[in-house]
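Please open the model in a viewer and keep the selection panel at hand. The tour below proceeds from one site to the next, stating at each stop what to select.

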Amino acid sequence: MTVPLLDVKNLNVTFQMASGDLPVSSDVSFTLEHGKVLGLIGESGSGKTVTSKAILGLLPSVGTAKSDFIRYKGRDISDLPPHEFDKLRGADLAMIFQDPVGSFNPVKTIGWHFRAAGRVHPEGHGDIAADAAEALRKVDIADPKTALKKFPHQLSGGMLQRCLIALIMFSRPSLIVADEPTTNLDNLVERQIITLFDKLRRDIDASFIFITHDMTIAEQISDDIIVMYAGQIVEHGSAKALMHAPRHPYTQGLVKTARELEGDVDTLTEISGEVGTGHWPDNKCRFAPRCPHYQAACDHAVPLHPVAGHGAVRCVMATDKEATR
Ligand SMILES: Nc1ncnc2c1ncn2[C@@H]1O[C@H](COP(=O)(O)OP(=O)(O)OP(=O)(O)O)[C@@H](O)[C@H]1O
Ligand code: SF4
Ligand SMILES: [Mg+2]
């Protein structure tokens with residue numbers, strides 16, 4: 001049996017606040033295979049960033065992560081000391097944030113970043129300058145020599161995100177977490193950047209966790225999708241299954257809105273209400289206050305359970321019987 005690239009089991013993240021402990025991510029489990037893209041979707045505050053940061057050892061000091069294990073290439077990294085994590089992040093793991101500015105040292109040129117990355121893997125690069133220019137050309141930067149001499153603030157958001165993608169292509173990590181990397185960009189640049197991500201994925205055979213609010217982008221780029229709601233996974237399956245036959249009412253709402261956005265409608269269907277923050281009752285479905293299908297059976301802890309031919313769903317209505325209908 002092949003070992004998955006990433007295997008996360010029962011990850012729980014809590015923030016220690018002045019008002020008490022705030023659980024923000026509960027019982028998150030999934031595996032990610034080599035070369036695959038996992039889309040992570042859910043509305044603001046559902047725990048996407050916190051979950052990903054916990055996996056990469058990037059939680060702020062007020063955050064605590066507990067899990068059965070977080071295995072990266074078979075090695076449990078859940079309790080890795082910070083200096084070991086730093087090594088792993090430099091060479092193997094990368095995170096791309098919404099705002100690429102934060103990923104660059106503002107007082108260093110783009111070229112400096114490539115040279116620093118080249119020192120981590122000197123064996124991978126015969127000529128760092130030539131390889132850096134080649135990586136920049138692959139992300140359609142017409143004049144790599146000039147771009148390498150620029151400081152981050154001298155480039156537009158779209159150009160800087162391209163430089164970051166090029167830097168990652170150059171560094172060749174095995175796992176890349178991209179946290180809403182196109183949110184600040186206009187539609188045209190967003191589409192171009194998504195295409196580049198696809199290219200990057202094939203080029204370096206990396207695995208991605210791709211966080212987005214946008215179901216259409218998730219569908220386009222992902223092999224599998226996880227939908228998070230209120231810190232929990234509510235649905236997990238192939239992108240095809242989730243987009244064509246969503247089983248959780250929350251996913252159904254997201255897909256409906258995504259299809260409306262693609263079509264020609266005057267008014268979008270909203271999922272009324274808000275996700276709220278961390279103090280959810282354990283003895284009922286967290287989506288219950290907003291769910292159009294709420295019933296008495298929902299007033300119990302609802303487990304994420306496998307549904308044949310689909311994946312896993314956290315809803316009392318999702319059964320194998322229903323799936324085969
Ligand atoms: N440093 C922090 N201190 C306290 N609470 C935090 C901190 N960071 C995040 N949270 C809380 O954790 C919860 C999950 O946040 P997270 O940033 O993971 O959401 P998200 O799904 O990524 O949302 P978005 O789509 O807006 O980025 C939120 O309720 C948020 O307020
Ligand atoms: S368990 Fe009940 S309240 Fe929760 S999503 Fe399913 S039908 Fe809705
Ligand atoms: Mg986030």
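Begin with ligand 1 and select Ser44: a polar atom of the Ser44 side chain lies 2.4 Å from an oxygen atom of the ligand. Next, add Thr49, where a side-chain N or O atom is 2.8 Å from an oxygen atom of ligand 1. Then add Glu180, which has a side-chain N or O atom 3.2 Å from an oxygen atom of ligand 1. A polar contact here is a pair of N or O atoms within 3.5 Å; within protein, one must be able to donate a hydrogen and the other to accept it, and residues adjacent in sequence count only if both atoms are side-chain atoms. On its own, ligand 1 has 640 Å² of accessible area, of which the protein covers 69% (Shrake-Rupley method with a 1.4 Å probe; for residues, only the protein chains shown count as cover).

Before moving on, note that this is a predicted model, in which local features need pLDDT of at least 70 and side-chain atom pairs count only at pLDDT 80 or more, whereas totals for chains, interfaces and linings use all residues. Residues are numbered from 1 along each chain as its sequence is written, chains are lettered from A and ligands numbered from 1 in the order in which they are written, and side-chain values use heavy atoms, with hydrogens and water left out.

Now widen the selection to the shell of ligand 1. There are 15 residues around the ligand, and Ser44, Gly45, Lys48, Thr49 and Val50 come nearest (a residue is near a molecule if one of its heavy atoms lies within 4 Å of it). H1 gives the most to this shell, with 3 residues (helices, H or I, of at least four residues and strands, E, of at least two are DSSP runs, numbered from the N terminus). By class, the shell has 5 nonpolar, 7 polar and 3 charged residues. In this scheme Ala, Val, Leu, Ile, Met, Phe, Trp, Tyr, Cys and Pro count as nonpolar, Asp, Glu, Lys and Arg as charged, and the others, Gly among them, as polar.

Move to ligand 2. Which residues should be selected around ligand 2? They are His248, Pro249, Cys285, Phe287, Ala288, Cys291, His293, Cys298, Cys315, Val316 and Met317. This shell has 9 nonpolar and 2 polar residues, with no charged ones.

The space that ligand 2 takes is the largest cavity. On a 1 Å grid over the protein atoms alone, a cavity is a set of points where a 1.4 Å probe fits but cannot get out, and a pocket is an open set with protein on both sides within 12 Å along at least five of seven lines; lining residues have an atom within 4 Å of a point. A molecule sits in a cavity or pocket if more than half of its atoms lie within 2 Å of its grid points. The largest cavity holds about 100 Å³ of space (grid points are joined across faces, edges and corners, and a volume is the space filled by probe spheres set on the points). Its lining has 14 residues, with Pro249, Cys285, Cys291, Cys298 and Cys315 nearest the centre. By class, that lining divides into 10 nonpolar, 3 polar and 1 charged.

How many cavities of 30 Å³ or more are there? The count is 3. For the second largest, of about 50 Å³, select lining residues including Val28, Phe30, Leu38, Thr51, Ile55 and Met228. H1 (48-55) returns here, supplying at least two lining residues, as do strands S2 (20-32), S3 (37-41) and S10 (224-229). The largest share, 3 residues, comes from H1.

Turn next to the largest pocket, with about 720 Å³ of space. Of its 32 lining residues, select His213, Asp214, Met215, Thr216 and Leu261, which lie nearest the centre. H10 gives the most to this lining, with 6 residues. The classes are 14 nonpolar, 10 polar and 8 charged.

Finish at the second largest pocket, with a volume of about 570 Å³. Arg89, Gly90, Leu93, Ala94 and Leu167 are the closest to its centre among 21 lining residues. H3 supplies the largest share of this lining, 5 residues.
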